[in-house]
Amino acid sequence: MDGSNALGDFLRARRALVRPKDVGLPGGGLRRVPGLRREEVAMLAGISSDYYLRLEQGRDRNPSVQVLEAIAGVLRLDADATAHLVGLARERPGSRARPGHRPEQVPASLLQLIDGWPRNPAYIQNRYTDCLAANALATALTPNYRPGVTLLRAVFLDPAERELRRDWEDLTEEGVAALRSEAGADADDPRLRDLVGELSLRSERFRALWARHEVRPRRGRVSRLSHPQVGDLDLQSDKLSVDGTDGLTLVVFHAVPGSRSAELLDILGSLTAPPSEGDRHGSERERRGRAEEQ
């Protein structure tokens with residue numbers, strides 16, 4: 001991730017994913033590269049091969065939106081990936097101001113809000129998937145939902161997460177695509193570079209997914225868990241941007257009312273809930289009674 005030619009890196013990676021037959025071209029003969037050749041992309045997009053070559057090599061950084069959209073159509077990019085492509089072409093090295101690092105502050109009102117949700121696991125993360133806050137029920141889902149854990153690292157490297165996630169394959173794919181979306185053209189971000197470098201070295205799957213340059217903003221999804229205490233849970237997770245912060249996201253889980261997952265979530269909550277005032281007083285009376293008997 002040197003960020004010197006993010007546009008070219010993206011075009012090459014996505015070109016390699018498109019088979020000739022996907023765009024109506026014959027796929028026979030010897031091909032030195034997977035996917036489409038440069039001249040095939042240029043022909044289908046209605047531009048010269050030389051111009052497309054300059055784009056991939058980073059020698060032309062002022063393509064029109066019309067040209068980029070034509071290339072996006074050839075590469076079969078969806079709306080999110082097309083917007084990412086246009087953003088890469090508009091960014092310039094060093095153009096994004098990088099303020100000095102400041103500790104991220106979770107608004108106190110937000111902490112109070114999630115702590116007041118006894119039936120909804122919830123946590124707050126930053127753009128690098130660092131968990132900054134979590135309520136007790138979220139931590140009961142997985143101990144990695146706690147401050148100080150980088151969630152993407154945990155999902156790829158912690159064997160317990162692989163056991164927990166029945167949808168681990170989908171989750172890892174979506175997580176990498178979301179990180180790409182968050183990064184945009186800012187590949188020189190030191191924190192992002194360190195995270196990508198570590199995961200690329202330690203996880204073959206991360207390395208393969210990162211090389212695909214797929215882009216997908218963070219969206220809600222159904223999380224399919226196999227919890228060691230209560231069994232299989234299907235929980236909807238919604239991701240909400242926190243206004244007034246630098247990219248913080250609130251993630252909230254809930255189960256379909258009346259479902260088996262809702263019952264199991266209530267059981268998990270009862271296992272983690274602190275004792276009520278009555279329970280504490282009753283326990284104290286029992287201790288006193290046993291002491292008097294002795």
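# Close-up views of a predicted protein model

Buried residues, those under 20% relative accessible area with a 1.4 Å probe and protein chains only, make up 42% of the 294 residues in the protein. This is a predicted model, in which local features need pLDDT of at least 70, side-chain atom pairs count only at pLDDT 80 or more, and totals for chains, interfaces and linings use all residues. Residues are numbered from 1 along each chain as its sequence is written, and side-chain values use heavy atoms, with hydrogens and water left out.

**View 1. The whole protein holds 14 helices and five strands.** Helices (H or I, at least four residues) and strands (E, at least two) are DSSP runs, numbered from the N terminus. A contact here means heavy atoms within 4.5 Å. Among contacts between residues at least 6 apart in sequence, 55% join residues at least 24 apart.

**View 2. Helix α11 covers residues 190–202.** At 1.5 Å a residue, its 13 residues should span 18 Å, and the end C-alpha atoms are indeed 18 Å apart; the expected span is 1.5 Å times one less than the number of residues. Which residues of α11 are buried? They are Leu192, Leu195, Val196, Leu199 and Ser200. These cover an arc of only 125 degrees around the axis, which puts them on the same side of α11; the arc is that of the directions from the helix axis to the C-beta atoms. The face turned away from this buried side carries Asp194, Leu201 and Arg202, which are exposed, meaning over 50% relative accessible area. Among the elements that cover the buried residues of α11 are α8 (151–157), α10 (168–183) and α12 (204–211). At the N-terminal end, Asp189 acts as a cap for α11, with a side-chain oxygen 3.0 Å from the backbone nitrogen of Arg191.

**View 3. Leu195 sits in helix α11.** Leu195 counts as buried because its relative accessibility is 1%. Leaving aside neighbours within four places in sequence, Leu195 is in contact with Tyr128, Thr150, Arg153 and Leu179. Leu195 and Leu152 are 43 residues apart in sequence, with their C-alpha atoms 9.1 Å apart in space.

**View 4. Thr150 is found in the loop between α7 (136–141) and α8.** With 6% relative accessibility, Thr150 counts as buried. What joins the side chains of Thr150 and Asp130? A polar contact of 2.6 Å does. Such a contact is a pair of N or O atoms within 3.5 Å; within protein, one must be able to donate a hydrogen and the other to accept it, and residues adjacent in sequence count only if both atoms are side-chain atoms. Apart from neighbours within four places in sequence, Thr150 is in contact with Tyr128, Thr129, Asp130, Arg191 and Leu195.

**View 5. Thr129 and His213 are two loop residues with positive phi.** Most residues other than glycine have a negative phi. Thr129 lies in the loop between β1 (122–125) and β2 (131–134), and its phi is near 70 degrees. Thr129 is buried, at a relative accessible area of 4%. His213 belongs to the loop between α12 and β3 (221–227), and its phi is near 60 degrees. At 12% relative accessibility, His213 counts as buried.

**View 6. Asp167 is placed in the loop between α9 (159–164) and α10.** Is Asp167 buried or exposed? Asp167 is buried, with a relative accessible area of 8%. The side chain of Asp167 reaches the backbone nitrogen of Arg224 at 3.3 Å. Not counting residues up to four places away in sequence, Asp167 touches Arg221, Val222, Ser223 and Arg224.

**View 7. Helix α1 (residues 6–15) packs with helix α3 (residues 49–57).** The angle between them is about 115 degrees and their axes are 6 Å apart. Axes are lines fitted to C-alpha atoms, for helices over the stretch in contact, and angles run from 0 to 180 degrees between N-to-C directions. From α1, Leu7, Gly8, Leu11, Arg12 and Arg15 meet Tyr52, Leu55 and Glu56 in α3.

**View 8. Helix α3 has Tyr51, Tyr52, Leu55 and Glu56 as its buried residues.** Seen down the axis of α3, these fall within an arc of 140 degrees, so they line one face of the helix. The cover over the buried residues of α3 includes α1, α2 (38–45) and α4 (65–74). Just after α3, Gly58 takes a positive phi of about 75 degrees.
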